Amino acid sequence: MIKTCLILLIALLASCELPSRNTTDSFTYRATQATTALITNEEYVMVTTAVTMPMYVNHDQATFRRWGKERNVRVSILGPADWDVPAQINTIEEVIGTRPSGLLINGTDPAIGPVIDKAVAAGIPTVVYDSDIPNSRRDAFLGTDWYEIGRMQGEEMARLLGGKGKVAYMGILGLTNMETGFRGLLDVLKKYPGIEIVGKFDDKANVEEAARITADLLSAHPDLAGLCGFDSNSGPGMALAVKEARRAGTVKITTVDWEPEHLQLVRESVIQMLAGQKRELFTWYGAQFLYDRVHQTNRLSASDAQAGITNIPTSVNTGLLRITKVNVNEFINRPTQ
Amino acid sequence: MGAAIAFPQTFPTFGNWSQLLLNLSIDTIVAVGMMILLIAGVFDLSVGSVVAFAGGLAAYGMIQLGWPVAVAIGMALLAAGLIGAANGYLIAYQGVNPMIQTLAMMGIVRGGALLVSGSGVQNLPYWFTAISQSRLLGVQMPVWYMLLTVSVFAFLTHRTVFFRRYYYIGGNERAADLSGIRVKQMKLWGFVLTSLLAGIAGLLLASRLGTALPTAGRGLELRVITAVILGGASLSGGHGKVMGALLGAVFMGLVSNVMVLARVSGYWQEIILGLILITAVWTDMALQKRLR
């Protein structure tokens, strides 16, 4: 009995397969072989996290659907309702098994790198948008440099304050892209000895939390001069508290995103600058890159796989929008698509 | 059956099922501990934060402090056990309400996870990642750890006097106390065990992802409680089986999997899971009434 158990155990252990230490397998070659085949009944899948977030719904998902309609292909949008990166990874894993024509993945965290590699290895053209996952084998990345978002806010805040005053900033702590943005902000502000950083806060992407933090800050630092926000709800929350404290305009606010409420607050001079992402561009062209990859729209060689190249740009920075009171009406009055 | 007919190319495949089981393995390991607590009539809302903290602490130890893999794992489990002990002591011995205590602990431990892992700790050592990324018989290791955990605790709760006591405590705490069961001590151990299992789940998740995420485990407590209730536990205590935790998690995993295959958006997934939970609880209440 013991002997049988031992033999079974040894057999089991022998069948145990350790992960590869070297991750530079011939993924690209296999991927390209699979995608050069004629694809019928095409389906492109967007996988994000926090799929219900208004900013994603209004910009990314609306554009992706519009693109699908224009190209006459099926598009699907999947992912967890909340900000849950492991759940996004699980969704990508499950989608890989269904072999879509292309995957458009929101680069929420470097942790999704291995599953992107898995999609590429399975022969699925994969484009990352919003934030890059540079440790992955994604076919292309389109999006924004979050360090630049931080820098843009830092430069504007320093200009607004004339290089002196107390500044606080907030966002979702622990997210790689936001921490990168914080770094960009601090790298600019540290050049101004007259600017004092009074705190870094986690508003948990919640308007009420951002307003509460701001109200507390205004009590603790009556001479607070500036606030910088890094998630979609930071701006409206900070603006609410500043308005309630009757300090609108005296406490300068810069933040991200350009939803209608953000734009209205700029028009009212409560927020002085928005660092906006061109979300429509990275979603539209990301999907188009997938389409061009699948259809081999531009042939650059007899065999891209053999040449070790791809027929789409590998990295595109879609840049930032600087929205102030001067140009805010152009964004408020943009035509619906 | 319906899913197999609707998606014959994708649903009934080895790849899809091994992926489905892998996706629910972390939640199930935590659900085993939660099932034991719910049998005893209490619950723990801090498990999601413990998942993030355990992975983050181990990663911080290995990368920033140079701890060997085994030491980092040991320290993370020790920390998880201490969190459980703090919860258990304050609830069982000081009479703090379990919801208030574990809700407060959820915030404290999430803050700790943010402190140790910042924006996430990457490039974890090979042997740490091998714990979850290795495969046995073509199936990734967390699935085996999940099956092992469920089997061991199913056996313990079925066959040992120690774990049977949780049913007596959940059924009638006062009677259990009068019959000589050390209710407070048992509750304390229940919280320690649940927290330890959450710590193990956190280490497995960090190992699987190759990254320790401070945001890991957000909302996990509610998913786990849902799975456990779907698996036959009652919020009033005294009922439930460890195998039920697995079945509840598999059911939720199946629903989620089918919705991905059917390309149902995340909006509907939440609504459907909520409706399923209400239906399950309502059916359970109706059956209980009829039995009485």
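This is a short walk through a two-chain model, from the overall layout of chain A to the contact between the chains and a few single residues.

Okay, ground rules before we look. This is a predicted model, so local features need pLDDT of at least 70 and side-chain atom pairs count only at pLDDT 80 or more, while totals for chains, interfaces and linings use all residues. Residues are numbered from 1 along each chain as its sequence is written, and chains are lettered from A and ligands numbered from 1 in the order in which they are written.

Let's start with chain A. We've got 13 helices and 13 strands there, where helices are DSSP runs of H or I with at least four residues, strands are runs of E with at least two, and both are numbered from the N terminus. The C-alpha trace of chain A spans about 75 × 60 × 35 Å along its principal axes. Of its 337 residues, 51% are buried. Buried here says that 20 or more other C-beta atoms lie within 10 Å of the residue's own; 12 or fewer is exposed, in between is partly exposed, and the C-beta atoms are placed from the backbone.

How does chain A divide into domains? The assignment gives domain 1 as 41-144 + 279-318 and domain 2 as 146-277; those bounds come from an automatic or database domain assignment. Their C-alpha centres lie 31 Å apart. The contact between the domains takes 8 residues from each, with contact defined as C-beta atoms, placed from the backbone, within 7 Å. On the domain 1 side, helix 3 of chain A, residues 54-71, gives the largest share, 3 residues. That side divides into 3 nonpolar, 3 polar and 2 charged. For the classes, Ala, Val, Leu, Ile, Met, Phe, Trp, Tyr, Cys and Pro are nonpolar, Asp, Glu, Lys and Arg are charged, and the others, Gly among them, are polar.

Now zoom in on strand 9 of chain A, residues 224-229. Why do we call it largely enclosed by the rest of the structure? Because 6 of its 6 residues are buried. It pairs in the parallel sense with strand 7, residues 165-171, over 5 bridges, and pairing needs at least two DSSP bridges between the strands. It also pairs, again parallel, with strand 10, residues 252-256, over 3 bridges. Look at Cys228(A) in strand 9: Tyr169(A) has it as a bridge partner, and Cys228(A) in turn is partnered by Thr254(A) in strand 10.

While we're in chain A, check out Ala50(A), in the loop between strand 2 (43-47) and helix 3. Ala50(A) isn't a glycine, yet its phi is positive, about 50°. And Ala50(A) counts as buried, because it has 21 C-beta neighbours inside 10 Å.

Right, over to where the chains meet. On chain B, 38 residues are in contact with 37 of chain A. Several elements of chain B each supply at least two residues to that side, including helix 2 (14-39), helix 6 (126-133) and helix 10 (183-209). By class, the chain B side has 13 nonpolar, 21 polar and 4 charged residues. There's also a strand pairing across the chains: strand 1 of chain A, residues 16-17, runs antiparallel to strand 1 of chain B, joined by 2 bridges. In that pairing Cys16(A) stands opposite Leu136(B).

Just past that comes Leu137(B), in the loop between strand 1 and strand 2 (139-140) of chain B. Leu137(B) has a positive phi of about 55° without being a glycine. Buried or exposed, this Leu137(B)? Exposed, because there are 11 other C-beta atoms within 10 Å.

Back to helix 2 of chain B: 22 of its 26 residues are buried. The helix bends by about 45° at Ser25(B), the bend being the angle between axes fitted to the seven residues ending there and the seven starting there.

Last stop, the nonpolar cores, meaning sets of buried Ala, Val, Leu, Ile, Met, Phe, Trp, Tyr and Cys residues joined through C-beta atoms within 7 Å. The largest has 134 residues, and among the members touching the most others are Val30(B), Met34(B) and Val228(B). Apart from that core lies another, of 46 residues, among them Leu227(A) and Val266(A).
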